[in-house]
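Reader: I would like to go through the empty space and the packing inside this protein. Please show it here.

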Amino acid sequence: FSRFLRDWEPAVGLPALREYDSFMGNNLPLIDGETRSVLNFDHIVVAVLGDAAGRLLPYVTDQDRHCQWASQWRFSSLASALYRNHVLLSQSVMVENPNHSNYHKSKCLEHMYDISVQLRKQVPAQSRSCFLDLMAHQAVLIEGHIYHSTYLPWGRAMRRASWQNFSGMFFSSIPSCSREPVAVALQQTWKYAWCLACDDSTALYVLQNMIS
């Protein structure tokens with residue numbers, strides 16, 4: 001993992017999480033190579049580059065008393081918008097979370113949606129497409145592939161260039177994300193709540209796997 005961080009210098013570096021290494025028998029990454037640029041990720045292990053830390057840390061925990069994923073959602077949303085192409089997952093390292101403790105998560109959708117709305121209000125109009133609403137426990141069809149709502153493809157994996165200084169990223173410098181496949185999929189009419197942008201046969205396939 002340290003070699004991956006030294007080689008790519010991602011703003012945010014992530015290992016793969018065993019729970020999401022496959023989805024309904026499909027190979028989740030669906031992209032050749034060991035490094036992917038992703039959206040919406042688990043926070044079991046997160047490495048933040050020093051000059052990106054000032055934009056992302058500390059975690060803002062004011063809504064965590066109602067949903068302990070709220071601060072993580074804010075962090076993920078900011079990272080994916082400010083550092084698209086540089087929030088990278090290394091498929092060469094995998095971690096596992098064997099147990100989940102009890103914590104506040106009953107009102108997560110409400111609070112995460114509120115965070116997304118707040119962030120969209122702070123950025124120029126062309127950048128609002130970079131702050132998506134949470135898709136909890138859903139599948140989404142993107143360019144013919146079925147993905148879980150976590151570790152979605154976002155941008156393309158890029159190494160940090162020698163001239164890049166991540167501390168100089170501001171809301172005003174975020175380019176539009178409207179052409180990202182995830183954003184395009186979410187703009188479509190949702191016929192099935194459990195399978196976004198899915199046709200009838202795909203939605204049935206996903207539902208069968210969910211209840212089997």
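Author: Ala, Val, Leu, Ile, Met, Phe, Trp, Tyr, Cys and Pro count as nonpolar, Asp, Glu, Lys and Arg as charged, and the others, Gly among them, as polar. This is a predicted model, where local features need pLDDT of at least 70, side-chain atom pairs count only at pLDDT 80 or more, and totals for chains, interfaces and linings use all residues. Residues are numbered from 1 along each chain as its sequence is written, and side-chain values use heavy atoms, without hydrogens and water.

Reader: By class, what lines the largest cavity?

Author: A cavity is a set of points on a 1 Å grid over the protein atoms alone where a 1.4 Å probe fits but cannot get out, and lining residues have an atom within 4 Å of a point. Leu-39, Asn-40, Trp-73, Leu-132 and Asp-133 lie nearest the centre, among 14 lining residues. By class, the lining has nine nonpolar, four polar and one charged residues.

Reader: Which helix gives the most to the largest nonpolar core?

Author: Such a core is a set of buried Ala, Val, Leu, Ile, Met, Phe, Trp, Tyr and Cys residues joined through side-chain atoms within 4.5 Å, buried being under 20% relative accessible area with a 1.4 Å probe, protein chains only. The largest one has 46 residues. Helices are DSSP runs of H or I, at least four residues, numbered from the N terminus. With seven residues, the most given to this core comes from H3.

Reader: Which residues does Leu-56 touch, not counting residues up to four places away in sequence?

Author: Contact means heavy atoms within 4.5 Å. Leu-56 is among the residues with the most contacts inside the largest core. With that sequence limit, Leu-56 touches Val-12, Val-48, Phe-75, Leu-78, Ala-79 and Tyr-83.

Definitions and conventions:
On a 1 Å grid over the protein atoms alone, a cavity is a set of points where a 1.4 Å probe fits but cannot get out, and a pocket is an open set with protein on both sides within 12 Å along at least five of seven lines; lining residues have an atom within 4 Å of a point. Buried means under 20% relative accessible area, exposed over 50%, partly exposed in between (1.4 Å probe, protein chains only). Helices (H or I, at least four residues) and strands (E, at least two) are DSSP runs, numbered from the N terminus.
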